[in-house]
Amino acid sequence: MSVLVRGVERRFGASAALRAVDLTVSAGEFVALLGPSGSGKTTLLRILAGLDIADAGTVSIDGEDMTHIPARLRRIGFVFQHYALFRHMTIFENVAFGLRIRREPPREAEIVQRVNGLLERVQIAELARRRPDQISGGQRQRAALARALAIEPRLLLLDEPFGALDAEVRKGLRRWLRDLHRDLGLTSLFVTHDQEEAMELADRVAIMRDGQIVQYDTPEALMDRPVNAFVAGFLGDAARLPAEWDGTSLHFSGAQLPSLPASALRLAPTRPGPAVAFIRPHEWSVTAQEETNATVRSRHPVSRGVRLELSIGEYVVEVELPASPLRPGERCQLGVTAARAYDVG
Ligand SMILES: Nc1ncnc2c1ncn2[C@@H]1O[C@H](COP(=O)(O)OP(=O)(O)OP(=O)(O)O)[C@@H](O)[C@H]1O
């Protein structure tokens, strides 16, 4: 099912939660809405679900204008934190709920068959008779998904689906959800502020800020070519340093770092003048030389080697290396191997 959002606006009092939002989701796509707290992600999802109404603009699904279609007739499955499982019902009854409240509910035998099938699919069939407080957080998320899928939605909306779960369970569920999305041929949108989750799961990611979508692209394109300093700063935990671009080289103004030639810039400013440079943890070089420009503040192991926190001038930067003998308090020479730079002002 394709989704088309055009010019959607939503105000709460004097503040705008959504401003002129356009978004196109193709049938079968898995799309993430990623952005800082308060950027409008949940508001957009709620409007899609029909739980909130836009002040202006349109939402259409498969070409059909949804403006006057109530939530329960949209055939949209959603897993929202505020629509948790019903505590007094068994898992089975929770999943059956969406079918029972239909205008024309299926026959009981069909409900039983469908719910059992769904519980099998989300791998919690043996928990059907338990209540939500008798299963784990990860199992509850699976049950909530089964409930959303019971109505055979044409679109699945998920708001921070794995928010409260620990890292290990999250990772497992992520893979599982991606497979489920593919196997059922769903079109899905999910809200997250976990960058890694968005990058790992989504075909395309919409980066939101202040009620607007600032970039909508594949994960690769977003990491490669962030459209502006906000996106570059938001993704990939990069260090942000002031610089000056003279048209051929980038000179770091706040730290004693060697200048970078244009060939080392993955993105260059559009005009000479003040700029801001973003350098990711693996885009630094660290050498032990007589001349030094940085001090190690701390170090800790990471899966790919070691992460050093270094101070250079008034800045603190994070550097990731396959290995390093450097210890806190020691000095070294820091260089930049690659960066992305944007105009300022
Ligand atoms: N019912 C409401 N009444 C008033 N303001 C609201 C309401 N719902 C949302 N807002 C405001 O609209 C803006 C966008 O909120 P929204 O929940 O969509 O952000 P979000 O990106 O999902 O944030 P988070 O990641 O923290 O969940 C925020 O400034 C929020 O305070």
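**Figure 1. The pairing of strand 17 with strand 18, seen at P301 and V306.** In this predicted model, P301 stands opposite V306 of strand 18. The two strands concerned, strand 17 (residues 294–302) and strand 18 (residues 305–312), run antiparallel to each other and are joined over 7 bridges. Both belong to an open sheet of 5 strands, whose order is 16-20-17-18-19 and whose pairing is antiparallel. The edges of this sheet are formed by strand 16 (284–287) and strand 19 (315–321), each of which pairs on one side only. From one strand to the next, the twist of the sheet averages 40°.

**Figure 2. The hairpin of strand 9 and strand 10, with its turn at D210.** Strand 9 (residues 204–209) and strand 10 (residues 212–217) are antiparallel and are connected by 5 bridges. Along this ladder, I207 stands opposite Q215 of strand 10, while R209 has Q212 as its bridge partner in strand 10. The hairpin leaves 2 residues between the strands, and D210, which lies in the turn, has a positive phi of about 50°.

**Figure 3. The open sheet of mixed pairing and the helix that packs on it.** Strand 9 and strand 10 take their places in an open sheet of 6 strands, arranged in the order 6-7-8-3-9-10 with mixed pairing. Strand 6 (76–79) and strand 10 stand at the edges with a single partner strand each, so one side of each has no neighbour in the sheet. Ignoring direction, neighbouring strands of this sheet are turned by 15° against each other on average. Helix 4 (residues 137–149) packs on the sheet, where it touches strand 6 and strand 7 (155–159), and the direction of helix 4 makes about 165° with that of strand 6.

**Figure 4. The hairpin of strand 1 and strand 2, centred on G13.** Strand 1 (residues 3–12) pairs with strand 2 in the antiparallel sense, and the pairing extends over 7 bridges. Within this ladder, R10 stands opposite L18 of strand 2. There are 2 residues between the strands of the hairpin, and G13 takes a positive phi near 60°.

**Figure 5. The shell of residues around the ligand.** The ligand is surrounded by F12, S15, A17, G35, S37, G38, S39, G40, K41, T42, T43 and H193. Two elements, strand 2 (15–25) and helix 1 (41–49), give two or more residues to this shell, and helix 1 supplies the largest share, with 3 residues. By class, the residues of the shell around the ligand comprise 2 nonpolar, 9 polar and 1 charged.

**Figure 6. The surroundings of I61 in strand 4.** I61 is part of strand 4 (residues 56–61). Is I61 buried or exposed? I61 is buried, because 20 other C-beta atoms lie within 10 Å, a count that meets the criterion of 20 or more for a buried residue. Leaving aside residues up to four places away in sequence, I61 touches M1, V3, M66, R154 and L155. The C-alpha atom of I61 is separated by 21 Å from that of L145, a residue 84 positions away along the chain.

**Figure 7. The two domains and the contact between them.** The domain assignment divides the chain into domain 1 (3–229) and domain 2 (237–343), and the C-alpha centres of domain 1 and domain 2 lie 39 Å apart. To the contact, domain 1 contributes 4 residues and domain 2 also contributes 4 residues. On the side of domain 1 that touches domain 2, the residues divide by class into 2 nonpolar, 1 polar and 1 charged.

**Figure 8. The chain as a whole, as a frame for the close-up views.** The chain contains 8 helices and 21 strands, and the C-alpha atoms fill a box of roughly 80 × 45 × 35 Å along the principal axes. Of the 345 residues in the chain, 37% are buried. Where contacts between residues at least 6 apart in sequence are considered, 66% join residues that are at least 24 apart.

Note on methods
Residues are numbered from 1 along each chain as its sequence is written. This is a predicted model: local features need pLDDT of at least 70, side-chain atom pairs count only at pLDDT 80 or more; totals for chains, interfaces and linings use all residues. A residue is near a molecule or strand if its C-beta atom, placed from the backbone, lies within 6 Å of it. Helices (H or I, at least four residues) and strands (E, at least two) are DSSP runs, numbered from the N terminus. Ala, Val, Leu, Ile, Met, Phe, Trp, Tyr, Cys and Pro count as nonpolar, Asp, Glu, Lys and Arg as charged, and the others, Gly among them, as polar. Domain bounds come from an automatic or database domain assignment. Two residues are in contact if their C-beta atoms, placed from the backbone, lie within 7 Å. Two strands pair if DSSP finds at least two bridges between them. Axes are lines fitted to C-alpha atoms, for helices over the stretch in contact, and angles run from 0 to 180 degrees between N-to-C directions. A residue is buried if 20 or more other C-beta atoms lie within 10 Å of its own, exposed if 12 or fewer, and partly exposed in between; C-beta atoms are placed from the backbone.
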